[in-house]
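Open your viewer, load the model and get ready to select residues as we go. We will start with the whole chain and then work through it piece by piece.

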Amino acid sequence: MTIRHLSSRDLATRWGLKPRTLERWRSTGCGPRFLRLGGRVAYRLEDVESYEQSHYYHSTSQPAELCMGGQV
């Protein structure tokens with residue numbers, strides 16, 4: 001089994017965000033789980049996909065889960 005990782009830049013591109021947004025999320029405990037590898041940050045693809053799955057909505061009337069310092 002091969003575990004694939006994404007850099008902050010890769011994930012920011014995937015989601016159309018700035019890398020700084022992911023940095024802010026990490027500091028507040030929001031966003032997907034991540035690894036610190038010798039000064040680098042990496043995201044396991046399975047964690048990213050799990051995070052994406054947990055943020056699917058069926059309707060715009062569903063309240064969005066807002067992260068207030070905890071994992072969403």
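Among contacts in the protein chain between residues at least 6 apart in sequence, what percentage join residues at least 24 apart? The answer is 50%. Keep in mind on this tour that you are looking at a predicted model.

**The whole chain**

Colour by secondary structure to begin. You should find three helices and three strands in the protein chain, and they come in the order β-α-α-β-β-α along the sequence. Now switch on a surface. The accessible surface of the protein chain is about 5500 Å², with 51% of that belonging to carbon and sulfur atoms. Of the 72 residues, 25% count as buried.

**Helix H2**

Next, select residues 19-28, which make up helix H2. Show the side chains of Thr21, Leu22 and Arg26: these are buried. Look down the axis of H2 and you will see the buried residues within an arc of 140 degrees, so they line one face of the helix. Turn to the other side of H2 to find Arg20 and Ser27, which are exposed.

What do the buried residues of H2 pack against? Add helix H1 (8-15) and strand E3 (40-44) to your selection, and you have the partners. Before leaving, click on Gly29, which follows H2 and has a positive phi, near 85 degrees.

Stay with Arg26 for a moment and add Phe34. The charged end of Arg26 sits over the Phe34 ring, 5.8 Å from the ring centre.

**The aromatic rings**

Now highlight the aromatic side chains; the structure holds three aromatic pairs. Zoom in on Trp15 and Trp25, a tilted pair with 6.3 Å from centre to centre and 50 degrees between the planes. Trp15 belongs to helix H1 and Trp25 to helix H2, so this pair ties together parts that are 10 residues apart in sequence.

Are these two tryptophans buried or partly exposed? Trp15 is partly exposed, at a relative accessible area of 23%. Trp25 is also partly exposed, with 23% relative accessibility. Since buried means under 20%, neither counts as buried. Add Tyr51 to the view, and you have a cluster of Trp15, Trp25 and Tyr51 linked by ring pairs.

**The nonpolar core**

Clear the selection and pick Leu6, Leu11, Ala12, Leu22, Val41, Tyr43, Leu45 and Val48. These eight residues form the largest nonpolar core. H1, E3 and helix H3 (45-53) each supply at least two residues of this core.

Centre on Leu22 to see its surroundings. Setting aside residues up to four places away in sequence, Leu22 touches Ser8, Leu11, Ala12, Trp15, Leu17 and Tyr43.

One of those contacts, Ser8, makes a good next stop. Ser8 is in helix H1 and counts as buried, at 14% relative accessibility. Which residues is Ser8 in contact with, leaving aside neighbours within four places in sequence? Select Leu22, Arg26, Val41 and Tyr43 to show them.

**Helix H3**

Move on to helix H3 and display Leu45, Asp47, Val48 and Tyr51, its buried residues. They cover an arc of only 165 degrees around the axis, which puts them on the same side of H3. To see what covers them, bring in strand E1 (5-7), H1, H2 and E3, which are among the covering elements.

**Two distances to try**

Finish with two C-alpha distances. For one, select Gly31, in the loop between H2 and strand E2 (35-37). Gly31 is buried, with a relative accessible area of 0%. Draw a line from its C-alpha to that of Glu52: the two residues are 21 apart in sequence and 9.6 Å apart in space.

For the other, go to Ile3, in the segment before E1. Ile3 is partly exposed, with a relative accessible area of 40%. How many ångströms separate the C-alpha atoms of Ile3 and Leu45? Your viewer should report 7.5 Å, for residues that are 42 apart along the chain.

How values were computed. Residues are numbered from 1 along each chain as its sequence is written. This is a predicted model: local features need pLDDT of at least 70, side-chain atom pairs count only at pLDDT 80 or more; totals for chains, interfaces and linings use all residues. Side-chain values use heavy atoms; hydrogens and water are left out. Helices (H or I, at least four residues) and strands (E, at least two) are DSSP runs, numbered from the N terminus. Buried means under 20% relative accessible area, exposed over 50%, partly exposed in between (1.4 Å probe, protein chains only). Contact means heavy atoms within 4.5 Å. Accessible areas come from the Shrake-Rupley method with a 1.4 Å probe; for residues, only the protein chains shown count as cover. The arc is that of the directions from the helix axis to the C-beta atoms. Rings of Phe, Tyr and Trp (its six-membered ring) pair if their centres lie within 6.5 Å; planes under 30 degrees apart count as stacked, over 60 as edge-to-face and the rest as tilted. A charge sits over a ring if NZ of Lys or CZ of Arg is within 6 Å of the ring centre and within 35 degrees of the ring normal. A nonpolar core is a set of buried Ala, Val, Leu, Ile, Met, Phe, Trp, Tyr and Cys residues joined through side-chain atoms within 4.5 Å.
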